Amino acid sequence: AVVHSICHSYGGSANKNVGDAFLVSWLLEDDSGGNVRFGSRSSQALIAKHNQADKALLSVVKICIALYYDDYYVQTMSD
């Protein structure tokens, strides 16, 4: 619940849980303006809207902090 809620609060999605690891992701939108572009062709370019990389990094940091400081989650995961 910690990973999912923090990831979702920053616009991401926790896609896969493989025991002690999660896959979290953020969508890139189709090219529709002057945002950062990824890809070589304009028809296939993706853009990062609203600082997606910053949101991803911040959510991972907040997840680590929440798991480190909350003994309940740390004890539950180690059992």
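C7 has a relative accessibility of 0% and so counts as buried, and that makes it a handy place to start a tour of this predicted model. The chain is built from three helices and five strands, which follow one another from the N terminus in the order α-β-β-β-β-β-α-α. Much of what follows concerns two of the helices, α1 and α2, which each supply at least two residues of the largest nonpolar core.

**The chain as a whole**

- Of the 79 residues in the chain, 18% are buried.
- The accessible surface comes to about 6100 Å², and carbon and sulfur atoms account for 55% of that area.
- Among the contacts with a separation of 6 or more, 25% join residues that are 24 or more positions apart.

**Helix α1 and what follows it**

- Helix α1 covers residues 2-9, and its buried residues are V2, V3, I6 and C7.
- These four buried residues sit on the same side of α1, because they cover an arc of only 115° around the axis.
- Turned away from that buried side is a face of α1 that carries the exposed residues H8 and S9.
- H8 belongs to helix α1 and, at 61% relative accessibility, counts as exposed.
- Between the C-alpha atoms of H8 and W26 the distance is 9.6 Å, with 18 residues separating the pair in sequence.
- Just after α1 comes G11, which takes a positive phi of about 85°.

**Helix α2**

- Residues 52-69 form helix α2, which is 18 residues long.
- From first C-alpha to last, α2 reaches 26 Å, close to the 26 Å expected at 1.5 Å a residue.
- Which residues of α2 are buried? They are Q52, A56, S59, I63 and L67.
- Those buried residues lie on the same side of α2, because their arc around the axis is only 65°.
- It helps to recall that an α-helix has 3.6 residues a turn, so residues three or four places apart point the same way.
- On the face turned away from the buried side, α2 carries the exposed residues A53, D54, L57, Y68 and Y69.

**The largest nonpolar core**

- Five residues make up the largest nonpolar core: V2, V3, I6, I63 and L67.
- Both α1 and α2 supply at least two residues of this core, and the largest share, three residues, comes from α1.
- As general background, nonpolar side chains in soluble globular proteins tend to be buried together.
- I63 touches V3 and I6, once residues up to four places away in sequence are set aside.

**S59, a buried serine**

- S59 lies in helix α2; is it buried or exposed?
- With a relative accessibility of 0%, S59 counts as buried.
- Setting aside residues up to four places away in sequence, S59 touches I6, C7, Y10 and W26.
- Two of these partners, I6 and C7, are themselves among the buried residues of α1.

**Strand β1 and A14**

- A14 is found in strand β1, which spans residues 13-17.
- A relative accessible area of 21% makes A14 partly exposed, since the cut-off for a buried residue is under 20%.
- Beyond its neighbours within four places in sequence, A14 is in contact with V3, H4, C7, L23 and V24.
- A14 and S25 are eleven residues apart in sequence, and their C-alpha atoms are 6.5 Å apart in space.

**Cysteines**

- How many disulfides does the model hold? The count comes to zero, where a pair of cysteine sulfur atoms would have to be within 2.5 Å.
- C64 has a relative accessible area of 48% and is therefore partly exposed, whereas C7 is buried at 0%.
- C7 appears in the contacts of S59 and also in those of A14.

Key: Residues numbered from 1 in each chain as written. Predicted model: local features only at pLDDT ≥ 70, side-chain atom pairs only at ≥ 80, totals over all residues. Heavy atoms only, no water. Buried < 20%, exposed > 50% of the residue type's maximum accessible area, 1.4 Å probe, protein only. Contact = heavy atoms within 4.5 Å. Areas by Shrake-Rupley, 256 points an atom, 1.4 Å probe, with all protein chains shown as cover. Expected span 1.5 Å × (residues − 1). Arc of directions from axis to C-beta. Core = buried A, V, L, I, M, F, W, Y, C linked by side-chain atoms within 4.5 Å.
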